[in-house]
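Student: Please take a close look at how the helices pack against one another here. A connected account, with the cut-offs behind each term, would be appreciated.

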Amino acid sequence: MALKLFSSVHDIQDINALTASALALKQNPYGFQHLGKNKTIALVFLNPSLRTRMSTQKAALNLGMNVMVLNMDKEGWALEFQDNVIMNGSSVEHIREAAAVLGQYADIIGVRSFPGLKDRNEDYSETIFNKFVQYCGVPVVSLESATRHPLQSLADLVTIQELKTVAKPKVVLTWAPHVKPLPQAVPNSFAEWMCKADVDFTIAHPKGFELCEDFTKGASITNNQDEALANADFIYVKNWSAYEPYGKVLPGNEGWMLTHKKLEITNQAKVMHCLPVRRDLELSAEILDSSSSIVTHQAANRVWAAQAVLKMMLEG
Ligand code: CP
């Protein structure tokens, strides 16, 4: 049966098969153009993007699809997401009409909807993303929602499968410093995918940056970065704001930035980051400019991850 929703790892029955499909598409990008002929994807962004926007467009074009992009935050009408409200404020159009109309123009819709990082219940109930799904009437792919970034995580898994040198690599997700509160979507999602993959997975973060346990079941978790990095094959560097107190940046953890010195205890680890990255704040420039960094390779694999998911949606 065709895939109707891609919002998390739980929408996929066999992640190894999906990863293999992405790597096969990398070898044969244009072999399935018949699937997308006369089909249209609408990519709706409520927040900025470079990689997700371009890689998903390229993936859809490789499959022969037409692509429409709507920067909803800048070019669309201000949306109302609450039901039973009199719309006499700043919002102009209700999600019920907006999503339903988008569904008339597209065969698949992609949605990016970041969290507000103010109200944890609202963010973790995925109000905005779920309303697009509820009212658009066509298959939906997440381009990063409030709590997950599944296309990124699939690309991350594809990259690890492609570049691993041992059967079951040690993969470490390590928290990194930042000056702004960032969502937990990338680390939540990466943890969920790694907990289902055939890897030895560890999460390292300072006290106070515990992720929601729903996403980390099966991972080893430590507050000792050196202990985590020992013998690591892949290191995934990422900042996230606190889950409790929600959305806060807790001071005093600047020493968590990954440096070349810290790589000495690893198994010549390859360093990953979803990008965008702040140099010498989250991750040292010396690593980013070295052969240890695979961030560009990882970003390139976003195309094949997106193409494998869209192919599954178009099939059947
Ligand atoms: N990693 C990622 O999703 O990048 P963009 O925010 O630029 O799409």
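**Two helix crossings**

Tutor: Helices α5 and α7 cross in a right-handed sense (the near helix is turned clockwise from the far one by less than a right angle; anticlockwise would be left-handed). This is a predicted model, in which local features need pLDDT of at least 70 and side-chain atom pairs pLDDT 80 or more, while totals for chains, interfaces and linings use all residues. Residues are numbered from 1 along each chain as its sequence is written, and side-chain values use heavy atoms, without hydrogens or water.

Helix α5 spans residues 95–105 and helix α7 residues 127–136 (helices are DSSP runs of H or I, at least four residues, numbered from the N terminus). Their axes lie 8 Å apart at an angle of about 60 degrees (axes are lines fitted to C-alpha atoms over the stretch in contact, with angles from 0 to 180 degrees between N-to-C directions). α5 is therefore oblique to α7 (under 35 degrees is roughly parallel, over 145 roughly antiparallel, 65 to 115 roughly perpendicular, the rest oblique). From α5, I95, R96, A99, A100, L102 and G103 meet K131, F132, Y135 and C136 of α7 (contact means heavy atoms within 4.5 Å). That contact comprises seven nonpolar, one polar and two charged residues (Ala, Val, Leu, Ile, Met, Phe, Trp, Tyr, Cys and Pro are nonpolar; Asp, Glu, Lys and Arg charged; the others, including Gly, polar).

The second pair is α1 (residues 15–27) and α13 (residues 295–314), whose axes come within 8 Å and cross at roughly 110 degrees. These two helices are therefore roughly perpendicular, and their crossing is right-handed. In α1, L18, S21, A22, L25 and K26 meet residues of α13 including H297, W304 and M312. Eight nonpolar, four polar and two charged residues make up the contact of α1 with α13.
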